[in-house]
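The following exercises are to be worked with the sequence and the three-dimensional structure at hand. Each task is followed by a solution in steps.

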Amino acid sequence: MTITAVLIDDEESARATLVALLSAYCPEVQVVAEVESVADGLEAIQQHQPGIVFLDVQMPRQNGFHLLDRIAQPPGFEIIFTTAYDQYALRAIRAGAADYLLKPVDILELQDAVNRVLERVKNRTQHPGWRVIAENQATEDLLTQKLTLPTADGFFVARYQEIVRCEADRNYTWFYLRNGRKILVSKTLKTFEELLPEVAFMRVHKSHIINLNEVIRYSRGNTGIIEMSDGAEIDISRNKKQAFLTRMNQ
């Protein structure tokens, strides 16, 4: 199958490079417009109704997130951010982006991103980010809200209250859920430290974030050991010990 795409980037060389990569390695993608600003991008989207929008973040006058603020939600297309700045990754996730590619764009990462989009389109499913955000905004109880977890073959949507703990695995994160399910997510633990609500979650070790509501027992020691509802025993860092005890007493 083929899918149309609009490229929005203020750098002509960046647009030319991405067009060349798509032509050589992602022949399913048909680029129908290349523009250099948010205003032109909105016009191109309205005219061509693309399946994918490759969107730069840093552009003169308005950035890529300004475009998202000016379109209907959920949009009728998937968004793949392409930028030289990794500090926007968290915001892109919250905005429901299908993927986030750093420049210079890696060929394999580009192919993976396009393949995930094509698979969702083929199955007539849409990336859940926009739907999840809308549902969260309508839900007052924070812990019943949801988080979209990007995986190697798609995504998984979990409620905050279903998450027992998270464990770092290099540039990936393992999520352990109440039902015993274990999910490998293609984002770092640091990303989720910023995403998970502080009212219930705490990073107690460089490799562990826990749901404080799922703590069963705490054993004193030089640092201490936390037993979770799934049976896991988590070492707590010395510099996190007092903050953990204060949170639990509260």
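**Exercise 1. Identify the ring over which the charged end of Arg 165 sits, and the ring that Lys 182 covers.**

Step 1. The charged end of Arg 165 is placed over the ring of Tyr 176, at 3.7 Å from its centre. A charge counts as sitting over a ring if NZ of Lys or CZ of Arg is within 6 Å of the ring centre and within 35 degrees of the ring normal.

Step 2. Lys 182 lies over the face of Trp 174, 4.2 Å from the ring centre.

Step 3. The conventions behind these values should be noted. The model is predicted, so that local features need pLDDT of at least 70 and side-chain atom pairs count only at pLDDT 80 or more, while totals for chains, interfaces and linings use all residues. Residues are numbered from 1 along each chain as its sequence is written, and side-chain values use heavy atoms, with hydrogens and water left out.

**Exercise 2. Establish the strand order of the open sheet formed by 5 strands, and state how its strands pair.**

Step 1. The order is β2-β1-β3-β4-β5, with parallel pairing. Strands (E, at least two residues) and helices (H or I, at least four) are DSSP runs numbered from the N terminus, and two strands pair if DSSP finds at least two bridges between them.

Step 2. β2 (29-35) and β5 (99-102) each have a single partner strand and stand at the edges, so one side of each lacks a neighbour in the sheet.

Step 3. On average, neighbouring strands of this sheet are turned by 20 degrees against each other, direction ignored. Axes are lines fitted to C-alpha atoms, for helices over the stretch in contact, and angles between N-to-C directions run from 0 to 180 degrees.

Step 4. The pairings can now be followed across the sheet. β1 is joined to β2 by 6 bridges, with Thr 4 opposite Gln 30 in β2. Between β1 (residues 3-8) and β3 (residues 52-55) there are 4 bridges, and Val 6 faces Val 53 in β3. β3 and β4 pair over 4 bridges, where Val 53 stands opposite Ile 79 in β4. Finally, 4 bridges join β4 to β5.

**Exercise 3. Determine which helices contact this sheet, and how many residues of β1 and of β4 are buried.**

Step 1. Helix α1 (residues 12-25) packs on the sheet, touching β1, β2, β3 and β4 (78-83), and its direction makes about 170 degrees with that of β2. Contact means heavy atoms within 4.5 Å.

Step 2. Helix α5 (residues 107-122) lies across β1, β2, β3, β4 and β5, at about 165 degrees to β5.

Step 3. In β1, 5 of the 6 residues are buried, so this strand is largely enclosed by the rest of the structure. Buried means under 20% relative accessible area, exposed over 50%, and partly exposed in between (1.4 Å probe, protein chains only).

Step 4. In β4, 6 of the 6 residues are buried, so β4 too is largely enclosed. In a regular strand the side chains alternate between the two faces of the sheet. Glu 78, Ile 80 and Thr 82 on one side of β4, and Ile 79, Phe 81 and Thr 83 on the other, are all buried.

**Exercise 4. Describe the aromatic pair of Phe 81 and Tyr 100, and then that of Tyr 218 and Phe 244.**

Step 1. The structure holds 4 aromatic pairs. Rings of Phe, Tyr and Trp (its six-membered ring) pair if their centres lie within 6.5 Å; planes under 30 degrees apart count as stacked, over 60 as edge-to-face and the rest as tilted.

Step 2. Phe 81 and Tyr 100 form a tilted pair, with 6.3 Å from centre to centre and 45 degrees between the planes. Phe 81 in strand β4 and Tyr 100 in strand β5 are 19 residues apart. Both residues are buried, and Tyr 100 is the bridge partner of Phe 81 in β5.

Step 3. The ring centres of Tyr 218 and Phe 244 are 5.6 Å apart and the planes stand at 50 degrees, so this pair is tilted. The pair links strand β13 (residues 215-219) with helix α8 (residues 241-249), its members being 26 residues apart.

Step 4. Tyr 218 is partly exposed, with a relative accessible area of 21%, whereas Phe 244 is buried, with 1%.
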